[in-house]
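Please open your viewer and keep the selection box handy. We will go from stop to stop, with something to pick at each one.

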Amino acid sequence: MKKLKDERLFRLIRSFLTVHLPEQRVCSINTIKSYKEALNLLLNFLQAEKSVSPFDVTFKMLDSSMILEFLSWLEKERHCGIATRNQRLACIRAFFNYAGKMDVSLIEYQNDLRKIPIKKGGNVNAVEFITEDALKVLLGEPDATTPKGMRNLFYMILLYDTGARNRELLDLRLRDIDVARGCIHVTGKGNRKRIIPIMEKTADHCRKYLALFHANEQDGNQYLFYVIRKGQKQQMSDDNVARFIRIYGESAKAKCPEIPADIHPHLFRHTRAMHLYRGGMPLALLSEWLGHAHPDSTLIYANADTEMKRIAIQKATVLSNPIYAHYDMSLAWKNDEELLRELYGLK
């Protein structure tokens, strides 16, 4: 194998991912995957945008200006939101903090990253979601007469119906699916497990998918969603899902202007939550269903739904109310590289 320019960097990455996070911080599998993804994306950026092979990456080049360029690339080229951008920064900072503790000569790099501020969003209460009519158009985009189209359609239906996180679905194994009882068993953040019921129509899609992609499968450890690489079944990746959802989103928007410009997997979770909330599901139950560790996390849906508030207020305000005394009822409101990564724990 080609010699590494900065072997210390990759030794520390390996110990960070395989010792520090799982053994010392006792992080869940999904949390560790998140750190791996952030570091892999940084290597991908350096290779694609700076023509720097992973073998040539050094601590010295990973200064605050380079990380800022990486974060900007995430937003502009990968269309990541501010929350995702800040999460990637937090993962990189955590690694540099660990590196500084393991080797004091690296503290200068740790301190340099502190210059990068957490980016503030616009309206924190704004939750983007897809209307039911627009969702029908979007789900009509995959060609369900082809195996891949059928798989993609089922994935989006399951993503919406369960309100599960994208990683939670990708981690599903056959043993986690109980079609007879109409539910799936997912493992979420903090290794918390929950059972999510699925609609009968979703169960029908699941039976068809299993018959085509897992016919006579006996291994319950097999991933529910997979791709074939070098003749082997491998777990489907986040990028794979994001890619086909983006393609369907673009074609659907040409037909339905209501569809948001940036369709991504997590949008299905927000959409289902908003639809359930508007349908009358109490916030406490919605919080449990979504797998939120803290009920306060669910308040974004209540805070965001201005339309529900407006309708409720209008119903509760009779026409004789003084607010209408000087209001013209005719007016309407107008607001609005593979081995290296394996060897060092990045795969």
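What follows is a short tour of a predicted model, one selection at a time.

**Stop 1: α1 and α2**

Start by selecting residues 7-24, which form helix α1, together with residues 29-50, which form α2. At what angle do their axes cross? The crossing is at roughly 165°, and the axes come within 10 Å. An angle over 145° counts as roughly antiparallel, so α1 and α2 are described that way. The crossing of α1 past α2 is right-handed.

Now show side chains. From α1, pick F10, I13, F16, L17, L21 and P22; from α2, pick I32, Y35, K36, L39 and L43. These residues make the contact between the two helices. Sorted by class, the contact of α1 with α2 holds ten nonpolar residues, no polar ones and one charged one.

Stay on L17 for a moment, still in helix α1. Is L17 buried or exposed? Its relative accessible area is 3%, so L17 is buried. Add F95 to the selection: this residue is 78 residues away from L17 along the chain, yet the C-alpha atoms of the two are separated by 8.9 Å.

**Stop 2: the loop after α2**

Next, select S51, found in the loop between α2 and α3. Check its backbone: S51 has a positive phi of about 55°, although it is not a glycine. Most residues other than glycine have a negative phi. With 67% relative accessibility, S51 counts as exposed.

**Stop 3: α3 and α4**

Move on to residues 64-76 (helix α3) and residues 82-102 (helix α4). Their axes come within 9 Å and cross at roughly 150°, so α3 and α4 are roughly antiparallel to each other. Look along the pair and you will find that α3 passes α4 in a right-handed crossing.

Which residues make the contact? On the α3 side, highlight I67, L68, F70, L71, L74 and E75; on the α4 side, highlight I82, R85, R88, L89 and I92. Colour them by class and you get eight nonpolar, no polar and three charged residues in the contact of α3 with α4.

**Stop 4: I118**

Keep α4 on screen and select I118, which belongs to the loop between α5 (107-113) and α6 (132-139). I118 is partly exposed, with a relative accessible area of 48%. Setting aside neighbours within four places in sequence, I118 is in contact with R85, N86, L89 and R93. Draw a distance from I118 to A83 as well: their C-alpha atoms are separated by 9.4 Å, with the two positions 35 residues apart along the chain.

**Stop 5: α7 and α10**

Now jump to residues 147-162, helix α7, and residues 238-253, helix α10. They pack at an angle of about 95°, with their axes 11 Å apart, and are therefore roughly perpendicular to each other.

For the contact, select G149, R151, N152, Y155, M156 and L159 of α7, then N240, V241, F244, I245 and Y248 of α10. By class, the residues of this contact of α7 with α10 are seven nonpolar, three polar and one charged.

**Stop 6: the cores**

Leave α7 displayed and add L138 and F268. Of the 48 residues in the largest nonpolar core, these two touch the most other members. Which helix gives the most to this core? Helix α7 does, with seven residues. To see the surroundings of F268, select L135, L138, M156, L159, Y160, I245 and I263, which F268 touches when residues up to four places away in sequence are not counted.

Another core, of 42 residues, lies apart from that one; select Y35, L62, W73 and C80 for a sample of its members. In soluble globular proteins, nonpolar side chains tend to be buried together.

**Stop 7: N216**

Finish at N216, in the loop between α9 (200-213) and β4 (226-229). What is the sign of phi at N216? Phi is positive, at about 60°, although N216 is not a glycine. At 72% relative accessibility, N216 counts as exposed.

Definitions and conventions:
Residues numbered from 1 in each chain as written. Predicted model: local features only at pLDDT ≥ 70, side-chain atom pairs only at ≥ 80, totals over all residues. Heavy atoms only, no water. Axes fitted to C-alpha atoms, helices over the stretch in contact; angles between N-to-C directions. Helix = DSSP H or I, 4+ residues; strand = E, 2+ residues; numbered from the N terminus. Parallel < 35°, antiparallel > 145°, perpendicular 65-115°, else oblique. Left-handed = near helix turned anticlockwise from the far one by under 90°. Contact = heavy atoms within 4.5 Å. Nonpolar A, V, L, I, M, F, W, Y, C, P; charged D, E, K, R; others polar. Core = buried A, V, L, I, M, F, W, Y, C linked by side-chain atoms within 4.5 Å. Buried < 20%, exposed > 50% of the residue type's maximum accessible area, 1.4 Å probe, protein only.
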